[in-house]
Amino acid sequence: MSAVVTEGQAPSTSAGSPEGLSATDVNQMIMEFLMFMMRAVVLCYPVYLTGSFGLSISWILLSMLMWTMWKNNRRWKDQRIDTAIDFLENEKDVINTELKAMDMPAWIDFADVEKAAWINKILQQAWPFFGMYMEKLLIENIQPAVRTSSTHLKTFTFTKVHMGQKAPTVTGVRVYTHELETREVILDLNIVYDADVDIDADVKPAIKVGVKGLQLQGMLRVILEPLIGQAPLVGGVTMFFIRRPVLQINWTGMTNLLDGPGLSHMSESAILDIIASLMVLPNRMCIPLIDQVKVDQMKFPLPRGVVRVHVLEAQNLVAKDTHMMGLVKGKSDPYTILRVGNKQFKTKTIKENLKPHWNEVYEFVIHEAPGQELEVELYDEDTDADDFLGRFSLDCGDVRKDREIDKWYDLQDIESGQIHLKLQWFSLLSNPDLLKETRDGLACAMLAVYLDSASNLPKDQHEFTHNEKHGKQPKVARLTRRTNDPNSYVEFSIDQQSQKSKTVFATKDPTYDECFTFFVHSVNNQVLNLEVKEHEKKSSLGKFTLPLVRLLNVSDMTMDQRFQLERSGANSQIKMKIVLRILTLEKREPQVVTPPAQDKAKASSTQTRPEAPTPVPAQPVQSNLQEKVPVSSVPLSRTQTVPAPMPSTVSSSNELQAEAILNHQGSFGQIQLTLRYATLRKRLIVKVNCCKDLFSCSENGSDTYVRMYLLPDLTWKHRKRTPVKKKTVNPVFNEQFEFSVSPEEARTRKLDVAVKNNKMLHKRERKEIGMVLIDMSEIDLIKGSTEWYELSLPGLKKTN
């Protein structure tokens, strides 16, 4: 068996010494002593010369003063240089720390966003051709749609369409890959569009309208899905705004009146409603690139999940109310607003309380995570204008990753205040056996309705009610009735939840192409009600009801078909896809990592040496996984167990201890290390953060420290060691060490790390707790890595 280097050992050691020194170590110590003597002589020689020449002692004092000043100046200079280099290497952490003590705007952040100059160059080059496309789109598609939307716009005509020379600017790009499935890539583009557009239109011969300039800002998400193994490598492209963009328009002509106070928001809100109906979640713009991709699946995918928000309490809120004309400081009447996308809830108001307790629960359907944010705002309710008490936002992707979060959050943009929230992520599963209805009013399932189209709708209610009562209409009625096709919309309801679609004008075969979601509290008792209505009179054109319990018995709990409308025409149908999904709270699965098995070749070689038995590898604990802290995920390919020789002769007490070690079942603990390379300083940085669940060497724990060698340097001067943490099996070190190596050389080295017990000479405790050997070639040192490493089964120290 190959020998293992333990602390203080070199390739050859002196017998009988617990910490034997090799000949190389002795020579090194002699050389250091000689260098010390030479430095002493050099320093004392000026004193001898001063005395031999009969000079005053003042010269010696002056020289010492000048030397001290030079030394201090050099030390300060080195400190300034080190501080500057540390700032360059840790700019994000330093600035974030400083910002906590400063009143900075909320938008200042170091998100994982990259610049996109190349995209802006492409947009600028392609913008004239986009203008040609937009001109064709407005005249051939938008103009007919506007004309049919109202009788007052029958002569609406675009007279000038010029998209300008300024292309939109992408100020940042964020790419998601690790958080997603392997068959998709998500890009978030922060778009700023300061347009010099010039568009004119005639509503009537005497009424001219137009737009000359607009500003648009928002976050556009682009999804490339699915990734395929043939050209063009991407099956389709989906684009949408996660939140409503910000829009400002400069109107001309008669619409210039809309720029006035109190009217501008009406026009811009109307245009934003149009944009939202096309490209704001849950609506998407989809471009399939291959025939196999279905547009409806791209445009209306199932939501990612549901976030349940428990608004528990708040504390340290700012007192906004005053009494006696401001002379007496009162309290506040706080309430909370929660918002995800267009969905918003408001809690009850707690009167005169700076530590309110709400204990209220709200649920949100999440279409994109990461991406969609939970926005929380607190206000003090007043009779005139409510006072602001703070806000914060949280990406729902964090809840999806952690499954459940129970935490106090600091309120931003306010002097003080914290809010206590409990957030839970519910996955959407199609297994009816997981259905668990509760009596606390919370949802147990989610219903998604994809409304496609309707066909053969009656022109109005009289068309089918008259036929039902009197058969064929008389000739006079047929000649005098209206011939216009209906303007229709669809209204859905489940108990108190109600939603309606957009209105489609002048057609008996409308295409709605919309998606709706509902929370279900009792699948066995609730019913989906649908009614097609005429726009002007709100009269019914047909109805349909579906008990939700029927979905439990169909394949994948999904119905995708045409449904016959009741109280409508004989052939009136509506096409929908209805999907039921069970809300399931999935816990994060603990990832238990076991040490890798010994190499078979080594095992076979050790079997030929009966005097050196092979150590038994540690086995995972199966009986108490729920009781112990779960082991973090460790890439075992980066770690190697360090085989240790067993002693040929040991004392009786050591034999008992060795037997206890070999009989130990489970982990010997983990160590968390941060590894990175400081390029400017040309140093390999190793930070020993902490250990957990170490094997205890005594009833009171262990007096633990960590020893490191950067192999193949095994000499005493290359050893790195942390301070000792007494009587603990979960020591926290936070000690940083540096190795002077080039980046190329660092990638060829291995880091030998040992966790040891600082035993006293009179105590019969083992010294080694665990070891790990880290291959630096498998770590991205420039980017840095912070990971947990499993400690291997240690051996006993060899004695003679």
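**Figure 1. Disulfides and two cysteines in the predicted model.** A search of the whole structure returns zero disulfides. The model is a predicted one. Two of its cysteines are shown here with their burial. C286 has a relative accessibility of 16% and therefore counts as buried, the cut-off for this class being under 20%. C396 also counts as buried, at a relative accessibility of 2%.

**Figure 2. The open sheet formed by four strands.** The strands follow the order β32-β28-β27-β35 in an open sheet, and their pairing is antiparallel. The edges are occupied by β32 (732-739) and β35 (785-790); each has a single partner strand, so one side of each lacks a neighbour in the sheet. From one strand to the next, the twist averages 20 degrees.

**Figure 3. Pairing of strands β27 and β35.** This view shows one pair of strands from the sheet of Figure 2. Strand β27, which covers residues 670-678, pairs with β35 in the antiparallel sense, and six bridges join the two. I671 lies opposite Y789, a residue of β35.

**Figure 4. Surroundings of K533 in strand β22.** K533 belongs to strand β22, which spans residues 527-534. With a relative accessible area of 14%, K533 is classed as buried, because the limit for that class is under 20%. Its side chain forms a polar contact with the side chain of E491, at 3.2 Å. When neighbours within four places in sequence are left aside, the residues in contact with K533 are N487, S488, Y489, E491, K538, S539, S540 and L541. E491 thus appears both in this list of contacts and as the polar partner of the K533 side chain.

**Figure 5. Surroundings of K575 in strand β25.** K575 is located in strand β25, made up of residues 573-585. Its relative accessibility is 29%, so K575 counts as partly exposed; this class lies between the limits of 20% for buried and 50% for exposed. Not counting residues up to four places away in sequence, K575 touches Y450, L451, D452, S453, Q561 and R562. A further relation in this view concerns S455: its C-alpha atom is separated from that of K575 by 8.3 Å, although the two residues are 120 residues apart along the chain.

How values were computed. Residues numbered from 1 in each chain as written. Predicted model: local features only at pLDDT ≥ 70, side-chain atom pairs only at ≥ 80, totals over all residues. Heavy atoms only, no water. Pairing = 2+ DSSP bridges. Axes fitted to C-alpha atoms, helices over the stretch in contact; angles between N-to-C directions. Buried < 20%, exposed > 50% of the residue type's maximum accessible area, 1.4 Å probe, protein only. Contact = heavy atoms within 4.5 Å. Polar contact = N/O pair within 3.5 Å; in protein donor to acceptor, adjacent residues only side chain to side chain. Disulfide = S-S within 2.5 Å.
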